[in-house]
Amino acid sequence: MNILVLGSGGREHTFAYKIKQSELCDKLFVAPGNAGTATIAKNIPISVTDFNAIKDLVIKENINMVVVGPEDPLVQGISDFFTKDEQLKDVIVIGPSKEGAKLEGSKEYAKEFLIRHHIPTAAYQSFTADTVNQGKQFLDTLNPPYVLKADGLAAGKGVLILQDIEEAKTELENMLTNKKFGAASEKVVIEEFLDGIELSVFVLTDGKNYLTLPTAKDYKRIGEGDTGLNTGGMGAISPVPFADDAFMAKIEEQIIKPTVDGLAKENIDYKGFIFIGLIKVDEDPKVIEYNVRMGDPETEAVLPRVKTDLVKLFKHVGIQSLNTVDLEIDQRSAATVMTVSGGYPEAYEKGKEIKGIDVISESIVFHAGTKLEGDKVVTNGGRVLAVTSFDNDFRIALKKSYQNIEKLYFERMYYRKDLGFDL
């Protein structure tokens, strides 16, 4: 099979890394890709949302499968674009329909879906610029901290958790009337704060059947001890030590099954990943949010643990026969640490030469924000490289990742040194 991966980050490099290992893969393309994907696939410099250019590439290169990495093309309807086109309809697309992608594209839509299907989640209300005063009144009925979520896509940065009621009201105003997150915050969901420990659960579904992939915990804040601004993710650990069999059984019964069944009942075409952001409150799981693709950097910790041929899994998604596959998982822990550009998640410089990738051993390096300049690898994003290591003990896996990161260098490189502190 000829396969195209859409995206340019660490998640897409991980997909390419796993797909390349499959005997079913003949030619592998990544669009637009990065310096890491360039070593194992052919990078094609087109945008993930330029559907016509993607169509031309698929036809020209006789591509049989498209694996969609980021959320933007899914929310914009790339899956429907393929199914409605005579020349593309037989291509397997790993990613839900536009309707299914609303689970991530709209926080309000996701909340309504959760309530409709009796899936445990936090109480909430949503507001627009016209109802900003009612929003402030609703905040007065809640106890701190206050959770404000931009309804639309804000690249993982549209959630504010605030302790002070006046600051919460000011930020609500900023989001709704001053467009703090642009069009994403034309509507804002305010919800009750849930106190507990978070984890991510990943499900691959063909629309009828599903497989539960390994759990992971990611670290969103830039600063140690989970302080400072939210980022796209500073690292991840898989599996989550506190998610024992009893807790996973609750997640399956109360959350995964009703989610997959709910999509089927509503005739929502969904073939791809469901990323369920959960929180463990006492001994019970509650849904914080849905994403409609794999997480980043969780992918860099989760997918390397999947021993089953990934392309084989994706073929079964295409023909709705996931129930016939056994999922084999590496029982070791994986620990991923992300190196980022100085200044990230605020202003940062690109184009810094990266040294030391070639001397790393016993860890896998996934490129997140890199590109080639001649024969040099340079930084091309806020999150730059993810280093993943394995061991039976996640603490030793983390230690290996940290030891290898010390061999890397680019100007103003930063990473968190305290991952796993809460496990």
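## After helix 6

Just past the end of helix 6, His118 has a positive phi of about 55°. This is a predicted model.

## Helix 6 and its surroundings

Helix 6 spans residues 107-116. Seven of its ten residues are buried, so the helix is largely enclosed by the rest of the structure. The buried residues are Lys107, Glu108, Tyr109, Ala110, Lys111, Phe113 and Leu114.

Several elements cover them. Among the helices are helix 5 (98-105) and helix 9 (245-265). The strands include strand 6 (124-128), strand 7 (146-150), strand 9 (187-191) and strand 17 (284-291).

## Lys149 in strand 7

One residue of strand 7 is Lys149. Is Lys149 buried or exposed? Its relative accessibility is 4%, and the cut-off for buried is under 20%, so Lys149 counts as buried.

Where does a polar atom of the Lys149 side chain find a partner? It lies 3.0 Å from the backbone oxygen of Ile288. Ile288 is also among the residues in contact with Lys149, once neighbours within four places in sequence are set aside. The others are Lys107, Gly158, Val159, Met175, Lys187, Val188, Val189 and Glu191. Lys107 in that list is one of the buried residues of helix 6.

## Helix 7 against helix 8

Two packed helices are described by the angle between their axes and the distance between the axes. Helix 7 covers residues 132-140, and helix 8 covers residues 165-176. Their axes come within 10 Å and cross at roughly 155°. Angles over 145 degrees count as roughly antiparallel, and helix 7 and helix 8 are therefore roughly antiparallel to each other. Their crossing is right-handed.

Which residues make the contact? Helix 7 supplies Val132, Gly135, Lys136, Leu139 and Asp140. Helix 8 supplies Ile165, Ala168, Lys169, Leu172, Glu173 and Leu176. By class, the contact has six nonpolar, one polar and four charged residues.

## Helix 11 from start to end

Helix 11 runs over residues 310-318. At its start, a side-chain oxygen of Asp309 comes to within 2.9 Å of the backbone nitrogen of Val311. Val311 is itself buried. The other buried residues of helix 11 are Leu310, Leu313, Phe314, His316 and Val317.

What follows helix 11? Gln320 does, with a positive phi near 55°.

How values were computed. Residues numbered from 1 in each chain as written. Predicted model: local features only at pLDDT ≥ 70, side-chain atom pairs only at ≥ 80, totals over all residues. Heavy atoms only, no water. Buried < 20%, exposed > 50% of the residue type's maximum accessible area, 1.4 Å probe, protein only. Helix = DSSP H or I, 4+ residues; strand = E, 2+ residues; numbered from the N terminus. Polar contact = N/O pair within 3.5 Å; in protein donor to acceptor, adjacent residues only side chain to side chain. Contact = heavy atoms within 4.5 Å. Axes fitted to C-alpha atoms, helices over the stretch in contact; angles between N-to-C directions. Parallel < 35°, antiparallel > 145°, perpendicular 65-115°, else oblique. Left-handed = near helix turned anticlockwise from the far one by under 90°. Nonpolar A, V, L, I, M, F, W, Y, C, P; charged D, E, K, R; others polar.
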